[in-house]
Amino acid sequence: MKSFPVFERLDVNEYGLYPGPADGPAGLHIECRPGLTLVVGANGLGKTTLITLLFRLLTGPSDIPQLGVGDELGFRRLAASPIPPFQRGIFANRLSTRAVGATARIEFLLGSTKITVERRLDNLAIVNAKVGDVETDDETSYQAEVAKAAGLGSFGDFILMLRYLVFYFEDRRALVWDPSAQRQLLRMLFLPPDLAQRWTELERSILQNDSRMRNFQAVVGKEEKLLTKGLAKITDGVALGAELQALETLQETSRERLEDLESYTDELDKQRQDARLSSLRVKQDREARFRALEHAKLLAIEARFPGRLETGRYMVAHLMSEHDCLVCGTHAPEAAQMYADRLSSGKCVVCDSDLEKSEQIVEARQVADERVAKTAHQMEQADRELATTTREREMAEAQFDTHTAEMTQLRSEIATRSARLTQIVEMLPPDEAALRQQRTELAAIRGRLETMKAELAAERATFRKFVEECTEALLSSSAEIVATFEQFAGKFLSERVSLTWTSRPAAVGQGGEAIPFPAFELNMSGSDFSDTVRRAGPDDVSESQREFIDLAFRMSLMRTAGQGAAGLVIDTPESSLDAVFAKRAGDVLLRFGDEPGNTVLVTSNLVEGSLLPTLINGIAATPEKAERLVDLFEIARPTAAVAADREEYDQLREKLFEPLQ
């Protein structure tokens with residue numbers, strides 16, 4: 001399980017953008033209690049600066065290069081690297097004083113670990129930091145301790161956690177439609193740190209070796225063209241010429257056949273992946289039906305215990321589900337099977353008597369037994385479907401293996417002929433010495449190229465097997481993610497929405513077969529559809545739906561992967577929400593903050609509509625309502641526009657903040 005940041009306190013001192021209230025302490029000071037903290041301002045008062053400041057206090061002068069560039073995360077190097085000097089001055093650039101002497105300090109939790117870090121705002125350097133009992137002013141030491149406290153394999157993964165889950169930035173990615181980001185998040189959140197790090201190491205090694213191999217292949221291609229020209233000049237009539245020509249013809253035929261086979265390798269691989277995906281989906285369905293059957297059995301047990309015999313009911317149910325006796329602690333699967341047999345035969349699970357004689361429980365038992373029979377029948381269907389999809393998967397994999405075996409044989413024949421061609425050239429007359437030398441050198445670099453290809457293929461095969469094993473492990477978390485997403489999304493939207501567990505093939509590098517990576521797809525109902533249909537991209541839903549489908553997906557990942565509380569930092573997209581949808585959004589944000597220990601920091605412009613009143617009414621119901629509202633009109637340095645329209649802003653503030661009085 002992973003630990004997400006839970007913010008407790010932020011202090012910003014001597015930073016000119018936040019001089020502080022006229023009748024209060026200088027600077028910006030926010031105490032984030034469990035629940036919602038609302039930051040209200042206007043354009044130019046520092047809402048985005050505040051969110052960026054929170055992010056940079058945690059990450060310091062480090063980031064993942066080009067993380068915000070391009071449409072997909074892809075296979076970018078996900079290690080934390082120092083950011084350029086001009087980016088370290090992000091807060092200094094906003095002030096004429098260059099933020100000299102300005103500092104910011106944040107307190108937050110990662111699980112049970114208390115972390116405090118203070119940084120200079122002119123260059124993001126650490127002033128001091130404390131992670132648990134470890135005090136340091138060294139960035140490397142701080143990063144290692146934070147990654148460890150979060151349960152992650154690297155500080156780069158901690159940055160991914162912040163950018164893709166904790167902080168809801170204005171330039172955020174729509175994770176539901178970004179399979180490359182999903183695979184990295186699933187890797188980071190649901191694999192142990194050592195396996196998550198192993199994943200990234202294998203990816204990086206393949207990408208580096210793929211680039212090196214392609215560069216070397218270009219050199220071999222140039223040398224082959226030169227050699228072909230030289231072979232064309234061999235004098236006709238030389239005894240070896242006929243064999244040389246015959247071998248070259250065979251060589252060309254084999255290469256053409258190899259190219260033909262390679263041309264539809266991807267199609268066979270796709271068939272294999274589709275069969276494997278079907279098998280995975282049926283496994284997931286079978287798991288759901290298995291849980292339904294177990295639940296039906298528990299209800300059947302309950303029906304056999306009249307009155308208030310809760311203790312006996314609980315003991316029998318626990319023995320049948322866990323195979324452990326609560327009385328003596330013995331692991332007793334045989335006893336569990338005995339109870340199950342009695343249950344299926346309509347007998348009393350305690351004394352094995354015929355329940356038809358017991359009028360007080362016969363009616364409830366019949367209803368419960370019918371449910372058991374129905375779910376057991378569904379379970380049998382699921383087992384048959386799983387057997388069918390397993391056979392189809394095995395057939396597809398066998399066809400693919402036969403295909404690859406033929407390609408391997410052809411490559412071997414080509415290599416054998418190449419060796420013979422080298423021998424022939426070596427037997428040419430002395431005046432062909434230059435050609436022989438050229439052929440010798442080409443043979444050497446061809447051998448090196450084939451070695452590089454073989455090593456790269458072995459790496460890809462290792463990584464593919466590793467991903468398949470990890471996907472099987474991730475499958476155990478998929479049902480909870482799907483269920484949690486439907487809970488959150490159902491509170492946001494009127495339409496029915498759901499996630500489907502799937503896989504998305506992607507090639508690691510520019511060669512080799514695609515590897516199926518785990519991912520989720522979105523299905524949603526609509527006015528023109530009688531049932532849910534796949535929504536393939538963000539343009540398939542409205543702007544309001546897109547914003548909060550993505551937020552629901554983030555929340556579901558955090559709840560499923562996290563241990564304990566979690567924090568969210570959100571810059572609300574007020575302009576994209578209609579009035580009804582905005583109120584729902586406010587209610588869901590409040591409910592997320594109501595979960596034990598969770599903190600939600602929301603920033604918003606001072607706008608009319610239903611979102612702000614919903615959030616303000618939510619914090620007005622708490623004992624600490626005064627501390628939960630951060631009014632940048634009082635704390636931040638006013639812009640010219642705010643100063644000019646101050647009276648109008650104050651009237652709107654007075655109206656909106658009335659529940660807090």
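Of the 661 residues in the chain, 48% count as buried. The model is a predicted one. Its secondary structure comprises 18 helices and 16 strands. Among contacts with a separation of 6 or more, 71% join residues 24 or more positions apart. The accessible surface of the chain is about 31,700 Å². Carbon and sulfur atoms hold 50% of that surface.

Start close to the N terminus, at the loop between strand E1 (5-13) and strand E2 (28-31). Glu-14 sits in this loop. Its phi is positive, at about 65°, although the residue is not a glycine. Is Glu-14 buried or exposed? Glu-14 is exposed, because its relative accessible area of 66% is over the 50% cut-off.

Now move along the chain to the loop between strand E7 (113-120) and strand E8 (126-131). Leu-124 is found here. Leu-124 also has a positive phi, of about 70°, and is not a glycine either. Its surroundings call for a separate check. Leu-124 has a relative accessible area of 1%, so this residue counts as buried, the limit being under 20%. Positive phi thus turns up at an exposed Glu-14 and at a buried Leu-124.

Stay in the E7-E8 loop, which also holds Asp-122. Which residue does the side chain of Asp-122 meet in a polar contact of 2.7 Å? The partner is the side chain of Arg-120, and Arg-120 is the last residue of strand E7 (113-120). Other contacts of Asp-122 reach further along the sequence. Leaving aside neighbours within four places, Asp-122 touches Arg-88, Gly-89, Ala-92, Arg-98 and Ala-99. Two arginines, Arg-88 and Arg-98, are thus among the contacts of Asp-122.

Turn last to the empty space inside the model. Rolling a probe the size of a water molecule over the atoms shows where such space is left. How many cavities of 30 Å³ or more does a search of the whole structure find? The search finds 1. The largest cavity has a volume of about 30 Å³. Its lining draws on separate stretches of the sequence: Val-176 and Trp-177, then Arg-504, then Glu-521 and Leu-522, and finally Arg-534, Arg-535 and Ala-536. By class, the lining divides into 4 nonpolar and 4 charged residues, with no polar ones. The nonpolar members are Val-176, Trp-177, Leu-522 and Ala-536. The charged members are Arg-504, Glu-521, Arg-534 and Arg-535.

Key. Residues numbered from 1 in each chain as written. Predicted model: local features only at pLDDT ≥ 70, side-chain atom pairs only at ≥ 80, totals over all residues. Heavy atoms only, no water. Helix = DSSP H or I, 4+ residues; strand = E, 2+ residues; numbered from the N terminus. Polar contact = N/O pair within 3.5 Å; in protein donor to acceptor, adjacent residues only side chain to side chain. Contact = heavy atoms within 4.5 Å. 1 Å grid on protein atoms, 1.4 Å probe; cavity = no way out; pocket = protein on both sides within 12 Å on 5 of 7 lines; lining within 4 Å. Points joined across faces, edges and corners; volume = space filled by probe spheres on them. Buried < 20%, exposed > 50% of the residue type's maximum accessible area, 1.4 Å probe, protein only. Areas by Shrake-Rupley, 256 points an atom, 1.4 Å probe, with all protein chains shown as cover.
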